Amino acid sequence: MSLNKPVSETAAVDAEAEGMARAFAQRFGRPPARFYRAPGRVNVIGEHTDYNQGWVMPAAIDLAVRIAIAPRSDRRLRLASAQFEAIASFDFDGGPVPDSDGGVAAVPRWARSLAGVARLLEAGQGPLRGADVFIDSQIPVGAGLSSSAALDVGFGYALAAVNGITVDPTALALLCQRASHEFGGTRCGIMDFYIACHGRAGQVVELDTRTLDARWWPWPGQLSLVACDTGRSHDNATSGYNQRRAECEAAVVRLQQWLPQLRALRDLNAADLDRYAPQLDPTLAARCRHVVSENARVAAAAAALAAGDFVRLGELVDASHRSLRDDYQVSCRELDLMVEICRRQPGVYGARMMGGGFGGCALALAAPAAVPELRRRVMREYPHATALVPEVWACTPAAGVGAWAIGESATQDGVDAGTTL
Ligand code: GLA
């Protein structure tokens with residue numbers, strides 16, 4: 001039973017946890033020992049800046065991945081998910097192991113970065129015991145709400161906890177990012193992992209992704225964070241995401257001939273950009289323009305937030321979309337359309353595509369009173385133009401990874417006092 005929550009919410013959480021416990025028992029023939037949750041995220045502004053060592057402004061949200069786990073006495077990991085059919089089964093001491101049907105289950109794609117998280121955790125900590133794990137996600141996959149980072153972080157946290165390891169949130173974020181690079185196929189930045197680990201209820205963070213210096217801002221109650229899913233799924237591993245990153249790195253190498261101190265596009269200022277852009281390939285120049293202007297917009301957005309100037313904040317969010325669409329070229333017809341629909345709704349201050357792009361969600365900043373009509377408008381106008389089914393969530397900034405539901409009181413006491421990651 002969860003503590004410090006309204007009775008109705010507690011009852012709902014307990015019912016969900018019991019459902020997960022049943023699903024766990026069906027797969028593994030025994031009950032889970034503990035439950036954890038890791039949140040998805042929205043990003044107010046600062047898109048495609050993190051792998052350029054720039055600034056971002058995400059918030060963890062109240063949609064989360066839930067994990068039920070029970071430790072094993074051997075070194076096998078068995079992973080099951082409510083969203084995917086195949087059980088992933090592998091062993092710390094070898095590769096994939098025969099599954100219960102006697103076949104050899106290769107690690108399915110959804111579980112590859114989890115295998116990486118497990119291996120990296122063990123590389124840093126010494127031998128780990130295995131676990132049976134059941135995962136159920138409220139975060140739609142491919143919607144740009146960072147379901148995969150939540151999965152990696154939640155799993156890493158849970159596996160560490162049942163091994164008696166107290167996890168430093170930043171170390172866990174960096175470990176999961178590395179697993180995604182080495183095992184998951186995406187050379188993503190730190191943003192999604194950082195916020196899944198560090199999220200705070202009611203706050204957004206202005207994060208310097210080079211130094212990981214964080215300034216937390218209370219998110220105003222008069223402004224809803226509305227995620228509008230285009231229904232066009234995206235996948236950073238197979239979209240143009242890695243290519244954009246490579247283009248930015250190529251631009252840095254080129255610019256270093258004039259600016260030898262430049263380490264990343266984060267170090268490029270507007271004056272130098274104007275000066276050297278004509279000598280760059282036009283595509284690279286456009287990529288640089290987005291990153292330089294987007295970094296400036298994050299700082300301006302923090303100032304607008306501090307001043308309570310939602311109109312200015314909305315303008316910056318709109319400008320971010322134009323830059324992502326025209327200079328960075330990571331939008332698509334569906335995202336542009338969703339943004340236009342949001343912008344037509346009175347009470348919406350600004351809207352833009354969010355996350356890696358090429359599909360997934362747009363984010364609208366809206367007065368709470370405008371949200372029901374915004375939802376109706378999206379559900380009416382968007383399918384008409386695309387034949388896709390949209391979805392709308394009004395998100396609330398939420399806490400980062402932690403214990404969940406009926407395992408909460410047990411884990412909060414620190415089950416196995418262990419080493420620190
Ligand atoms: C994805 C990546 C993040 C970030 C965004 C774009 O969500 O995982 O690291 O690069 O795209 O801002």
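**Ligand surroundings and the interface of domain 1 and domain 2**

The ligand is surrounded by 13 residues, of which E47, H48, D50, D192 and Y241 are the closest. The model is a predicted one, and the protein is assigned two domains, with domain 1 covering 7–217 + 400–414 and domain 2 covering 219–395. Two of the residues closest to the ligand, E47 and H48, return in the description of the interface, where E47 takes part in a salt bridge with R352 and H48 is one of three residues that lead the area buried by domain 1 against domain 2.

**Polar atoms around the ligand**

- A backbone N or O atom of H48 is placed 2.6 Å from an oxygen atom of the ligand.
- In D192 a polar side-chain atom takes this role, at 2.7 Å from an oxygen atom of the ligand.
- G356 again offers a backbone N or O atom, which lies 3.3 Å from an oxygen atom of the ligand.

**Extent of the interface**

- The centres of domain 1 and domain 2, taken over C-alpha atoms, are 26 Å apart, and the contact draws 41 residues from domain 1 and 48 residues from domain 2.
- About 3700 Å² is buried between domain 1 and domain 2, with 60% of it on carbon and sulfur atoms.
- Of the area that domain 1 buries against domain 2, I45, H48 and R187 supply 18%, more than any other three residues.

**Charged and polar pairs**

- Four salt bridges are counted between domain 1 and domain 2.
- In the salt bridge that R352 forms with E47, the closest N and O atoms are 2.7 Å apart.
- Polar contact across the interface of domain 1 and domain 2 involves 23 residue pairs, both residues being at pLDDT 80 or more.

**The side of domain 1 that touches domain 2**

- At least two residues of this side come from each of strand 1 (34–43), strand 2 (55–56), strand 3 (58–71), helix 4 (169–184) and strand 7 (203–208).
- Strand 7 gives the largest share, four residues.
- By residue class, the side of domain 1 that touches domain 2 divides into 16 nonpolar, 16 polar and nine charged residues.

Conventions: Residues numbered from 1 in each chain as written. Predicted model: local features only at pLDDT ≥ 70, side-chain atom pairs only at ≥ 80, totals over all residues. Heavy atoms only, no water. Domains from an automatic or database assignment. Contact = heavy atoms within 4.5 Å. Buried area = accessible area lost by both parts, 1.4 Å probe. Salt bridge = Lys/Arg side-chain N within 4 Å of Asp/Glu carboxyl O. Polar contact = N/O pair within 3.5 Å; in protein donor to acceptor, adjacent residues only side chain to side chain. Nonpolar A, V, L, I, M, F, W, Y, C, P; charged D, E, K, R; others polar. Near = heavy atom within 4 Å.
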